[in-house]
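Visitor: I would like to take a close look at one part of this model, and to see how that part relates to the rest of the chain. Please take me through it slowly, in one connected account.

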Amino acid sequence: MSKPSPLDDPENAAHAWARYRRLMRFMFLFTVGVVAIAMAILYKQTEVVSPHFFIATALGIGFSMLLMSALMGLVFLSSGTGHDESVDNSLDSLDQDDDPNNGWRG
């Protein structure tokens, strides 16, 4: 039986999600700044290129940074609230089998 998650408490969950949204707002502003700097550097260092190059580069950098920050923010949220400790890892019993071939009959 798994332990109850601290995120089941509405007060803890509200605090954790507020912290996550604050982190994502900061990362959005940071991403916009990085994209602006990258576009300025590319504009100065390139010759005549299509505007699609700049659009694709900006979207690629922006999407990558926001996706990475969203996923890492969820890791921080899960770990920081104690949600990770409440997970029941019932696969540990499978690691302690007496079968040296781990079920493989080849």
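Guide: Accessible area here is the area obtained by the Shrake-Rupley method with a 1.4 Å probe. By that method the protein chain exposes about 8,400 Å², of which carbon and sulfur atoms supply 65%. The model is a predicted one, and its protein chain has two helices and zero strands. Buried residues make up 22% of the 106 residues in the chain, and among the contacts with a separation of 6 or more, 72% join residues 24 or more positions apart.

The part I would choose is helix α1, which covers residues 10-45. Its length can be checked against a simple expectation: at 1.5 Å a residue, the 36 residues of α1 should span 52 Å, and because the end C-alpha atoms are 52 Å apart, the two values agree. Along this helix the buried residues are Ala13, Ala16, Tyr20, Met24, Met27, Thr31, Val35, Ala38 and Met39, and what covers them includes helix α2.

Threonine 31 is a good place to pause within α1. With a relative accessible area of 3%, threonine 31 falls under the 20% cut-off and is therefore buried. The side chain of threonine 31 reaches the backbone oxygen of methionine 27 at 2.7 Å, while beyond residues up to four places away in sequence, threonine 31 touches Gly62, Met65 and Leu66.

Helix α2 runs over residues 51-80, and the covering is described from its side as well, since what covers the buried residues of α2 includes α1. Those buried residues are Phe54, Thr57, Gly62, Met65, Ser69, Ala70, Gly73, Leu77 and Ser78, so that Gly62 and Met65, which threonine 31 touches, are among the buried residues of α2. For α2, 30 residues at 1.5 Å each should span 44 Å, and the end C-alpha atoms are 43 Å apart, which agrees. Just after α2, glycine 82 takes a positive phi of about 90 degrees.

Returning to α1, tryptophan 17 also lies in this helix, but at 35% relative accessibility tryptophan 17 counts as partly exposed. Together with Phe63, Leu67, Leu71 and Leu74, Trp17 forms a nonpolar patch on the surface, with about 490 Å² of accessible area for the five together. The largest share of that patch, four residues, comes from helix α2.

Definitions and conventions. Residues numbered from 1 in each chain as written. Predicted model: local features only at pLDDT ≥ 70, side-chain atom pairs only at ≥ 80, totals over all residues. Heavy atoms only, no water. Patch = residues over 30% accessible without salt bridge, like charges linked within 9 Å, V, L, I, M, F, W, Y side chains within 5 Å. Salt bridge = Lys/Arg side-chain N within 4 Å of Asp/Glu carboxyl O. Buried < 20%, exposed > 50% of the residue type's maximum accessible area, 1.4 Å probe, protein only. Polar contact = N/O pair within 3.5 Å; in protein donor to acceptor, adjacent residues only side chain to side chain. Contact = heavy atoms within 4.5 Å. Expected span 1.5 Å × (residues − 1).
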